[in-house]
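I opened this notebook to keep track of what I looked up, one topic at a time. The entries follow the order in which I went through the model.

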Amino acid sequence: MSILNSKIPEGPLAEKWSKHKANIKVVSPANKRKLEVIVVGTGLGGASAAASLAELGYNVKAFCYQDSPRRAHSIAAQGGINAAKNYQNDNDSVFRLFYDTIKGGDYRAREANVYRLAEVSPNIIDQCVAQGVPFGREYGGLLANRSFGGVLVSRTFYARGQTGQQLLLGAYQALNRQISKGNVEMYSRHEMLDVVKIDGKARGIIARDLVSGEIKRYGAHAVVVATGGYGNVFFLSTNAMGSNGSAAWQCYKKGAFMANPCFVQIHPTCIPVHGDQQSKLTLMSESLRNDGRVWVPKKKEDAVKLQKGEIGPNDIPDEDRDFYLERRYPSYGNLVPRDVASRAAKERCDAGFGVNAEGKAVFLDFKYAIDRLGKDVIAARYGNLFQMYEKITDVDPYKNPMMIYPAIHYSMGGTWVDYNLMTSVPGLYSIGEANFSDHGANRLGASALMQGLADGYFVLPYTIGDYLADEIMTPKIDTNAPEFEEAEKEVTGRLEKLYNIKGSKSVDYFHKKLGQVMWDYVGMARNAEGLKKAIEMIKEIREDFWKDVKVPGDLDNLNPELEKAGRVADFLDIGELMARDALDRNESCGGHFREESATEEGEAKRNDEKFTYVSCWEYKGESEEPTLHKEDLVFENVKLTQRSYK
Amino acid sequence: MADKILKKLNIKVWRQKNASSKGKFETYTIENISTGSSFLEMMDILNNELIEKGIDPIAFDHDCREGICGTCSLYINGRPHGPDTEVTTCQLHMRKFKDGETITVEPWRAAAFPVIKDLIVDRTAFEKILQAGGFVSVNTGGVPDANTIPVAYEDAEESMDAAACIGCGACVAACKNSSAMLFVSAKVSHLAKLPQGQVEAKKRARNMVAKMDELGFGGCTNTGACEVECPKSISITNIARLNREYLVSRLSR
Amino acid sequence: MSKFLAASIGRKFLMSITGLFLVAFIAVHLTLNLLLIFDDSGELFNLGANFMATNPAIKIMEPLLGLGFLIHILWSFYLEFQNWKARPVKYDKKNMSGASSWASRNMLVLGALVMVFLIIHIINFFWVIKFDPHTMSTIVIGGEEMEDTYTLVADLFKGSVAYCFFYILGGLLLGFHLSHGFWSAFQTLGLNNKYWMKRWQAIGYAYAIIVAIGFAAIPLYFLVKF
């Protein structure tokens with residue numbers, strides 16, 4: 001028996017969750033009042049969890065680094081949220097949603113978790129509507145659905161192109177209600193810098209008040225981490241500037257395993273990088289690929305002229321355009337899943353057919369759709385996206401094709417959790433994007449919102465009771481305990497260390513350097529040699545960072561550079577672990593593409609015999625290599641097949 | 001369409017160490033900025049130069065840089081979110097500026113939004129207003145099926161128009177009275193247009209307005225500046241709805 | 001009631017109610033005064049003025065009107081002070097012209113100027129008619145003897161170009177004030193939505209233009225004609 005106990009309930013797939021709920025312990029209302037829970041992060045997962053736990057009667061403390069819980073990056077999700085409602089009568093079902101998600105994740109997720117996700121998905125929509133989320137509707141007044149990539153049914157609910165925003169506002173409203181009732185204490189502009197363990201159990205956190213710089217201790221009977229993904233390890237990504245992996249990383253250092261860290265999603269339709277002044281990439285919704293055709297020039301000389309700006313895209317006749325997705329994947333065409341579309345774009349650009357000055361962009365052309373449907377139809381469908389594109393690039397996408405390029409978007413990997421969403425540290429939970437549980441090696445569109453809310457509204461509030469039921473005799477956590485003292489000292493020491501380096505280079509300098517290494521060697525295509533090289537290079541950057549970084553400002557004042565420094569220090573460690581994990585997984589699956597494991601046509605090739613497991617990394621100390629544990633994935637309800645979109 | 005280079009810009013910016021200290025303007029010069037850069041990327045570059053020179057970088061609020069989180073909040077050349085329409089500061093690009101120009105950058109100014117540092121203000125007042133009633137009082141679970149109550153298409157759309165508010169505070173910054181009426185009315189309208197939110201609509205309007213007044217925002221004089229400067233074009237007809245809800249609720253008691 | 005008036009929307013309610021009351025008064029006042037330019041003999045105007053002076057309903061309305069003016073003016077200073085307090089540190093550079101009309105931002109300035117005009121206007125006519133009637137000549141129209149208000153007005157304008165321009169300016173200021181005030185009152189009362197927004201604004205502009213041109217036309221008429 002491995003030290004990993006996933007606690008997946010026995011019994012048939014469809015009955016696991018109900019049976020489990022029936023078997024787990026419940027805390028009485030009187031006892032809930034005595035128990036405290038800390039929730040870190042207030043995105044869809046965190047806000048919904050904090051609100052739901054407070055409604056149940058627990059005393060909740062919620063933390064976010066933003067100035068308001070409403071600004072968590074869930075807000076930026078555009079497209080929609082999946083739910084197996086079958087409102088369209090198109091033969092959707094819980095099983096079909098489960099199956100699509102497992103298959104979309106390239107068979108690297110747990111069956112039981114994914115099935116539960118599909119099972120609670122209809123409740124999410126009910127809940128959101130009751131909260132006043134203004135979902136899109138039909139003229140008859142009932143909810144509308146749209147279809148999304150990788151599936152055959154219409155099950156995506158949406159609120160224009162701002163679904164994430166509206167769902168987050170729903171959860172935020174519920175959270176506000178509990179704050180006003182005094183059931184949640186909200187700590188905005190606070191960043192968690194460490195988790196505190198007493199007798200092996202998570203008992204609180206150390207957080208920095210970002211305004212005053214004060215380091216404070218907070219105790220609780222359980223700690224929930226809902227701090228999102230670590231995509232910013234690449235410097236340029238679609239994540240928010242402040243999105244970071246630090247909270248999850250502190251958990252890792254305190255004994256929570258990191259699972260599948262190499263699984264990150266690269267979104268194919270982002271606005272390309274221009275020059276070297278850029279700090280952030282902007283996503284253009286996946287829905288654009290419904291009507292846009294992706295192409296690059298057939299002839300190299302045309303590409304060269306485009307790169308030099310000598311000709312424009314409209315100077316290239318149709319017969320000289322290479323619609324490479326339609327050429328390579330005739331059955332799915334421009335609608336192949338994200339990982340496939342991203343790799344295909346990279347392949348063309350690497351071959352020298354990129355269309356912008358940097359040679360790192362492909363065209364997404366609406367000319368054909370406009371010819372076919374008229375400008376008005378296209379404007380009605382994508383008007384706001386076109387406007388956004390024009391604001392950023394100053395190019396009118398009605399007249400010229402958009403330029404797009406893949407960018408880092410989402411982390412499927414994350415903190416390892418069992419079926420109860422508890423990490424390998426008792427009393428420490430991880431939900432939403434921060435955990436690894438539901439998306440395998442590739443996430444389907446409109447599933448991130450579903451998972452965040454499923455965890456926060458309908459899973460954690462049940463499963464946390466199973467743990468807390470045994471804690472009812474534990475008195476209020478004493479933050480004067482030596483463990484808190486120790487943790488605070490550690491945090492203060494680390495901040496002082498960073499601050500006192502007083503080197504010559506800004507934090508961004510190192511972050512950009514790390515990002516470049518990650519993109520080049522741990523990005524869309526990886527190989528053993530490159531990964532080994534990356535590990536060495538990251539080590540060098542880290543060494544340099546701790547010798548030469550310059551953190552201006554004060555320790556006891558609002559100091560964005562100090563915040564960034566701490567996060568980048570952790571990114572350096574996360575990046576190395578990602579490379580290590582990618583090196584171990586010598587197969588291609590989902591967003592993880594190992595050049596050694598490809599078909600003759602260059603498509604991804606899974607190796608189910610050797611790699612049907614979750615890689616779980618255990619921290620062993622600063623100078624030690626982490627230990628890899630493997631949680632074998634057992635598939636009893638689906639048959640593993642090689643994905644094909646030809 | 002091709003990006004040009006702005007050879008030199010003067011950035012006149014408000015510097016204030018913390019909430020209690022007195023601030024002042026400083027002017028910095030920055031060179032070779034691409035017109036394709038966003039305003040905040042220009043600020044990033046400026047900050048990195050300041051760090052190199054040993055000057056404390058300029059603190060400003062920002063996060064998603066996609067125009068949706070509502071964090072960024074700069075008053076640029078006399079306008080919230082600067083000289084472009086329907087954008088947040090993070091979506092503002094340098095092509096809106098001329099070479100050699102002096103760009104004045106200030107924080108939101110309002111009694112209810114005290115400056116924390118440099119260009120960062122404390123918008124907790126917005127939180128408090130929403131906590132006073134900007135929600136539907138339902139717990140998780142036990143709610144009816146989502147399709148039980150049909151909602152007219154137009155109502156859902158109008159609700160969504162109001163719900164698009166990102167809570168950035170540009171309305172307050174733009175208003176000559178620092179009034180928060182557009183913000184409050186957006187939330188009141190968002191929920192009042194849906195049957196789920198209608199139940200508590202009157203009480204909500206009363207409580208949120210009371211809180212807004214308590215926090216020191218000014219009154220609305222219907223100049224309409226908030227609507228024009230709102231990055232999401234929230235309409236002032238929402239303010240009319242709020243007035244209506246409030247007056248009916250008050251006068252019927 | 002005090003609680004209602006302590007709330008920002010309640011305070012605004014009072015402004016818009018008194019404002020609309022004054023809007024109604026202005027309509028009556030303008031209609032009557034336009035009689036000045038349609039009959040050079042002054043008979044029509046004097047008849048109108050006499051009717052207003054003797055009508056018991058108007059007698060009741062008079063103090064109410066005074067109260068309306070008083071509340072509207074004093075309350076506006078109080079509100080402006082409240083609003084001014086909401087931004088203790090001002091902007092260094094403001095560029096508000098694109099986002100809102102000048103009139104909407106300067107209602108207090110416009111209102112104060114209108115008030116100055118009003119005081120002089122009252123001294124010119126109302127005061128004389130009310131408290132100094134023995135200085136006025138009388139006239140007999142249709143067998144009834146009445147004060148010759150027409151001559152009082154006509155003499156002022158005929159005798160002074162400066163007064164003519166002052167009254168033209170007064171009309172224009174009032175017009176500007178109304179260009180924002182009219183629709184704004186309906187907005188404050190909540191009697192507005194996406195359809196009525198444009199309508200109220202159009203009606204408001206039309207009313208403001210009529211008031212401005214109407215009042216300006218009277219001194220202009222005397223200026224040109226005599």
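Entry one, a stretch of chain C. I began with residues 58-81 of chain C, where I found the chain to be 100% helix and 0% strand, with the C-alpha atoms at the two ends 34 Å apart. I note at the outset that this is a predicted model, and I read everything below with that in mind. The stretch had caught my eye in the UniProt record, an unreviewed entry, which places the feature "transmembrane region" at residues 12-38, 58-81, 102-129, 160-183 and 204-224 of chain C. For comparison I looked up residues 12-38 of chain C as well, and there the chain is 81% helix and 0% strand, while the end C-alpha atoms lie 39 Å apart.

Entry two, a helix pair in chain C. I turned to helix 8 (residues 161-188) and helix 9 (residues 196-225) of chain C, whose axes come within 8 Å and cross at roughly 170 degrees. Because angles over 145 degrees count as roughly antiparallel, helix 8 of chain C is roughly antiparallel to helix 9 of chain C. I also looked up the classes of the residues in this contact, and they divide into 24 nonpolar, six polar and no charged.

Entry three, which chains touch. Which chains share the most contacts? Of the two pairs of chains in contact, it is chains A and B that do. I then checked chain A against chain C and found that no contact joins them, their closest C-alpha atoms lying 19 Å apart.

Entry four, chain A against chain B. The contact takes 65 residues from chain A and 64 residues from chain B. On the side of chain A, the elements that give two or more residues are helix 3 (44-56), helix 5 (111-131), helix 6 (163-180), helix 12 (375-393), helix 13 (448-468) and helix 17 (560-584) of chain A. Helix 6 of chain A gives the most to this side, with nine residues. By class, I noted that the side of chain A that touches chain B has 24 nonpolar, 26 polar and 15 charged residues.

Entry five, chain B against chain C. Here I found 39 residues of chain B in contact with 38 residues of chain C. Strand 5 (102-106), helix 7 (201-214), helix 8 (225-229) and helix 9 (237-251) of chain B each supply at least two residues of the side of chain B that touches chain C, and the largest share, nine residues, comes from helix 9 of chain B. Sorted by class, this side of chain B has 15 nonpolar, 15 polar and nine charged residues.

Entry six, chain B by itself. I looked up the make-up of chain B and found nine helices and seven strands, with C-alpha atoms that fill a box of roughly 60 × 40 × 35 Å along the principal axes. Of the 253 residues in chain B, 62% are buried. Among the contacts in chain B with a separation of 6 or more, 69% are accounted for by residues 24 or more positions apart.

Entry seven, the domains of chain B. Chain B is divided into domain 1 (5-106) and domain 2 (123-251), and their C-alpha centres lie 30 Å apart. The contact takes twelve residues from domain 1 of chain B and ten residues from domain 2 of chain B. On the side of domain 1 of chain B that touches domain 2 of chain B, I noted five nonpolar, five polar and two charged residues.

Note on methods. Residues numbered from 1 in each chain as written. Chains lettered and ligands numbered in written order. Predicted model: local features only at pLDDT ≥ 70, side-chain atom pairs only at ≥ 80, totals over all residues. Contact = placed C-beta atoms within 7 Å. Helix = DSSP H or I, 4+ residues; strand = E, 2+ residues; numbered from the N terminus. Nonpolar A, V, L, I, M, F, W, Y, C, P; charged D, E, K, R; others polar. UniProt positions renumbered as here; feature names shortened; annotations may be inferred. Buried ≥ 20, exposed ≤ 12 C-beta atoms within 10 Å, placed from the backbone. Domains from an automatic or database assignment. Axes fitted to C-alpha atoms, helices over the stretch in contact; angles between N-to-C directions. Parallel < 35°, antiparallel > 145°, perpendicular 65-115°, else oblique.
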